[in-house]
Amino acid sequence: MKQVWHYRQVPIKLQLGDKTLFASQLWLQVREVGLDDETPPVTEPAPPDDVLQLNSQGFLVRSLRVNGKQPVLRKLDNYLCYVSSQHQRYYIDMRLSFEEYKSKFSSKTRSTLNRKIKKYAEYCGGNISWKVYKSAGEIPEFFRLARVVSRITYQEKLLDAGLPDSEEFLGEMEQLAEQGLVRGFILFHQDQPVSYLYCPISNEILIYAYLGYDPGYMNFSVGTILQWLALEYLFEEHSFRFFDFTEGQSEHKKLFATHSVQCANVFFLRSNLRNRFLLHSQSAVNHLSRLAGDKLDQLGLKSKVKKMMRFGT
């Protein structure tokens, strides 16, 4: 499979939990390894053979499949090899039937999901209102409703990771919809949007791009409910190979996935003083953040502190 590189700015962030303390932008050549990439996992990531552009500070390979735990930072020839994250990349095999997919869940989990759906249906007066958006004519409505939810989510407030609020992004969504390459979902309470899910499609793979929910409905698990309803709909389409949860681990992704592969985000940066300082700083802050998180977990306070940081409660 041909490797496609994109030249773009990538932030090197110093973060404590969800809080960004500092960010420096580097121009890098970036490649995303898809689920359909058949390149075997590597034991020791090596710098790409591709030519480094004049103003580029190096390469970034996202979701590179790896064997075993990787060292965070090491020097390779003229590069600093920095593994910023190591994670399981979760996905769903959409070639299953929905009945086969449901059988992966324990009876207890299925009961919990059904109970959540029943509870929310009762709150909504007996029926759950939700809608699928996939045509170019439907996308502007999806965008408007999803933005209502996105602007109040912690993903947007703290992580700058909400659904992008721009005419350019809306135009991209409409172009994908014209090709049949997008699925959007909105969950409502009466006429109010309370959760959204946006999935572009590439090579018959659904990409878990943006999910958000109104924090006022957190106790109803509206994000989980919408995910379940959307998956039932998507399985019935019989049009897809995988549902790709992309990088990053969460209980939500682990719950719904059928498989996972071990991946890492790997930087190969020019070995110079500035880049060494940035990488050592990020590595040190990440280590401090993990220690703080582990300590809060031991004290039984981690989830409470996260909630306070995200929702200000």
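Helices, like strands, are taken here as DSSP runs, a helix having at least four residues, and both kinds of element are numbered from the N terminus. In the predicted model described here, N275 is found in helix 8, which covers residues 273-298. The relative accessibility of N275 is 0%, and because buried means under 20% relative accessible area, this residue counts as buried. When its neighbours within four places in sequence are left aside, N275 is in contact with L26, Q57, L80, L269 and R270.

The protein chain as a whole comes to 9 helices and 12 strands. Of its 313 residues, 43% are buried. Among the contacts in the chain with a separation of 6 or more, 74% are accounted for by residues that stand 24 or more positions apart.

Strand 3, which is made of residues 58-65, is mostly covered, since 7 of its 8 residues are buried. This strand pairs with strand 2 (residues 19-32) in the parallel sense, over 4 bridges, and within that setting V61 of strand 3 is the bridge partner of R31. Strand 3 also pairs with strand 12 (residues 259-270), here in the antiparallel sense and over 6 bridges. One position can be followed across to strand 12, where C263 stands opposite R65. As a general point about such elements, the side chains of a regular strand alternate between the two faces of the sheet.

Attention then turns to the empty space in the model. Rolling a probe the size of a water molecule over the atoms shows where such space is left. The second largest pocket holds about 270 Å³ of space, and of the 18 residues that line this pocket, Q3, R31, V42, V61 and L64 are the closest to its centre. The element that gives the most to the lining is strand 3, with 3 residues. Sorted by class, the lining of the second largest pocket consists of 10 nonpolar, 2 polar and 6 charged residues. Two of the residues closest to the pocket centre, R31 and V61, have already been met as bridge partners.

A further residue examined in detail is D93, which lies in strand 5, a strand that takes in residues 79-93. With a relative accessibility of 12%, D93 falls under the 20% limit and therefore counts as buried. The side chain of D93 is joined to the side chain of R95 by a polar contact of 3.0 Å. If residues up to four places away in sequence are not counted, D93 touches F235, R241, F242, T258 and H259.

Two loop positions, finally, are marked by their backbone angles. E204, which is found in the loop between strand 8 (192-202) and strand 9 (205-207), has a phi near 65°, a positive value in a residue other than glycine. The relative accessibility of E204 is 44%, and because this value lies between the limits of 20% for buried and 50% for exposed, the residue counts as partly exposed. S221 likewise has a positive phi, near 55°, and is a residue other than glycine. The place of S221 is in the loop that runs between strand 10 (210-213) and helix 6 (222-237).

How values were computed. Residues are numbered from 1 along each chain as its sequence is written. This is a predicted model: local features need pLDDT of at least 70, side-chain atom pairs count only at pLDDT 80 or more; totals for chains, interfaces and linings use all residues. Side-chain values use heavy atoms; hydrogens and water are left out. On a 1 Å grid over the protein atoms alone, a cavity is a set of points where a 1.4 Å probe fits but cannot get out, and a pocket is an open set with protein on both sides within 12 Å along at least five of seven lines; lining residues have an atom within 4 Å of a point. Grid points are joined across faces, edges and corners, and a volume is the space filled by probe spheres set on the points. Ala, Val, Leu, Ile, Met, Phe, Trp, Tyr, Cys and Pro count as nonpolar, Asp, Glu, Lys and Arg as charged, and the others, Gly among them, as polar. Buried means under 20% relative accessible area, exposed over 50%, partly exposed in between (1.4 Å probe, protein chains only). A polar contact is a pair of N or O atoms within 3.5 Å; within protein, one must be able to donate a hydrogen and the other to accept it, and residues adjacent in sequence count only if both atoms are side-chain atoms. Contact means heavy atoms within 4.5 Å. Two strands pair if DSSP finds at least two bridges between them.
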